[in-house]
Amino acid sequence: MTYEEARALFPVLRRFAYLNAGTFGPLSQPTIAAMEERNRFDHELGRGGKRWYESVFELRTRVREAVAATIGATPDRVALTSSTTDGCNIVFAGFGLRPGEEVVTTDSEHPGLLLPLHASGATVRVAEVTTRPTGEALETILAHVTPKTRLFALSHVLWTTGQVMPVHELRRETGLPVLVDGAQSVGAIPVDVGELDFYTVSGQKWLCGPEPTGALYVRDPGRLRVALPTYFSQQSLERDGSFVPKDGALRFDSGWIATPGLAGLEAALTGAPSWRFERAREMAARCRAALAAGGYEVASDGEATLVPFVAPGDAAEDALRLYEAGVIVRDLPGTDRLRASCGWWTSDDDIARLVRALAG
């Protein structure tokens, strides 16, 4: 599939310069069709009966396999969730952190990680990485490790700066468990979980699936307590509520995920072109260059597909003005920055429209 053919599959691109996959990725026509077809199937089968239930579990299995292939894992280590926040809650609830024990994070984490981290009751040590070159991130984070540190919890790609964090190096250097928020990485840059312990996946961002969909990778499921059990967690259940958990990470599956959403995610995962990462990185570099040439301060060192930059006026008002001009970006709350998300579907014309709208 050529770039032109692939881009033509996204209806939203006919109207907008869509630069907001860091929030929601664009939905392709095959993804939309898969959702509609599954919705029709569910209604015709009445969402009941042997055939329908078998189809649900078969669909969950296929999605699990597709997610696993995307992140270099095996399906038995992948739980299906509704979001990266869901995944973070599952890990923090089951990890068994005690008061006084420490978790090291960074100064630019999304609330979807920070709120579950705070609720864990652990002492949080924050490494200030955003004010330093990305090349110093490993040293900066390691400086916050103490004998009380039990876990690293951080994003692979920071949502406000686009910096890529040294998640594998942290695991290698310390041997400590690492929980990775993969909201801005999976689907945007190549991801291989390797020796990482926990890795959350967002289906609705760079993977261009519907919301709410996601996943959680767990390297050693037996070492994480099932603290938020659902119907999908158990393979046998007693009258008093005691249960035998399913094998592998399937015990961490969160509650029911609507089948049209799963069908859409499956279509999105199987339809992504093989050249997507190189193209997305190239377009992000072109976006940074075009913004810099236009006199805008780009607040990114160019390692990922997020391009934050200083807004010409009030960031929230500028985001609204750009939308009305046919360009979709987001403002970063509490800052003077806008953020452009450059995917493999981004064109030079999209970038030119952004620069023109900013000046207009």
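These exercises work through one helix, several salt bridges, a surface patch and a buried loop residue.

The model is predicted: local features need pLDDT of at least 70, side-chain atom pairs count only at pLDDT 80 or more, and totals for chains, interfaces and linings use all residues. Residues are numbered from 1 along each chain as its sequence is written, and side-chain values use heavy atoms, with hydrogens and water left out.

**Exercise 1. Check the span of helix H2 (residues 29-45) and find which of its residues are buried.**

Solution.
- Start with the terms. Helices (H or I, at least four residues) and strands (E, at least two) are DSSP runs, numbered from the N terminus.
- Get the expected span, which is 1.5 Å times one less than the number of residues. For the 17 residues of H2 that should be 24 Å; the end C-alpha atoms are 24 Å apart, which agrees.
- Sort by burial. Buried means under 20% relative accessible area, exposed over 50%, and partly exposed in between (1.4 Å probe, protein chains only). Thr31, Arg38, Phe41 and Asp42 are buried in H2.
- Look down the axis. The buried residues of H2 fall within an arc of 100 degrees, so they line one face of the helix. The arc is taken from the directions from the helix axis to the C-beta atoms.
- Turn to the face away from the buried side. There H2 carries the exposed residues Glu36, His43 and Glu44.
- Find the cover. Helix H3 (50-71) and helix H8 (259-271) are included in what covers the buried residues of H2.
- Step past the end. Just after H2, Gly46 has a positive phi of about 75 degrees.

**Exercise 2. Place the salt bridges Glu37 with Arg40, Arg150 with Glu101, and Arg321 with Asp318.**

Solution.
- Apply the rule: a side-chain nitrogen of Lys or Arg within 4 Å of a carboxyl oxygen of Asp or Glu. The count comes to 17 salt bridges.
- Take Glu37 and Arg40. Their N to O distance is 2.4 Å. They are three residues apart in helix H2, so about one helical turn separates them. Glu37 is partly exposed at 40% relative accessible area; Arg40 is partly exposed at 35%.
- Take Arg150 and Glu101, at 3.0 Å, N to O. This pair links distant parts of the chain, 49 residues apart: Arg150 is in strand S5 (residues 149-155), and Glu101 is in the loop between helix H4 (84-95) and strand S3 (102-106).
- Take Arg321 and Asp318, at 3.3 Å, N to O. They sit three residues apart in helix H10 (residues 315-324), so they are separated by about one helical turn. Arg321 is partly exposed at 28%, whereas Asp318 is buried at 7%.
- Add the network. Salt bridges link Arg171, Glu195, Asp197 and Arg219.

**Exercise 3. Is Tyr231 buried or exposed, and is Ala249 buried or exposed?**

Solution.
- Locate Tyr231: it is in the loop between strand S8 (214-218) and strand S9 (234-237). Its relative accessible area is 63%, so Tyr231 is exposed.
- Find its partners. Tyr53, Phe57 and Tyr231 make a nonpolar surface patch of about 370 Å².
- Locate Ala249: the loop between strand S10 (243-245) and H8. Its relative accessibility is 0%, so Ala249 counts as buried.
- List contacts (heavy atoms within 4.5 Å). Neighbours within four places in sequence aside, Ala249 is in contact with Asp76, Arg77, Val78, Ala79, Val218 and Pro221.
- Compare with Ala153. The C-alpha atoms of Ala249 and Ala153 are 19 Å apart, and 96 residues separate the two along the chain.

Terms used. Patches are made of residues with over 30% relative accessible area and no salt bridge: like charges are joined within 9 Å, nonpolar side chains (Val, Leu, Ile, Met, Phe, Trp, Tyr) within 5 Å. Accessible areas come from the Shrake-Rupley method with a 1.4 Å probe; for residues, only the protein chains shown count as cover.
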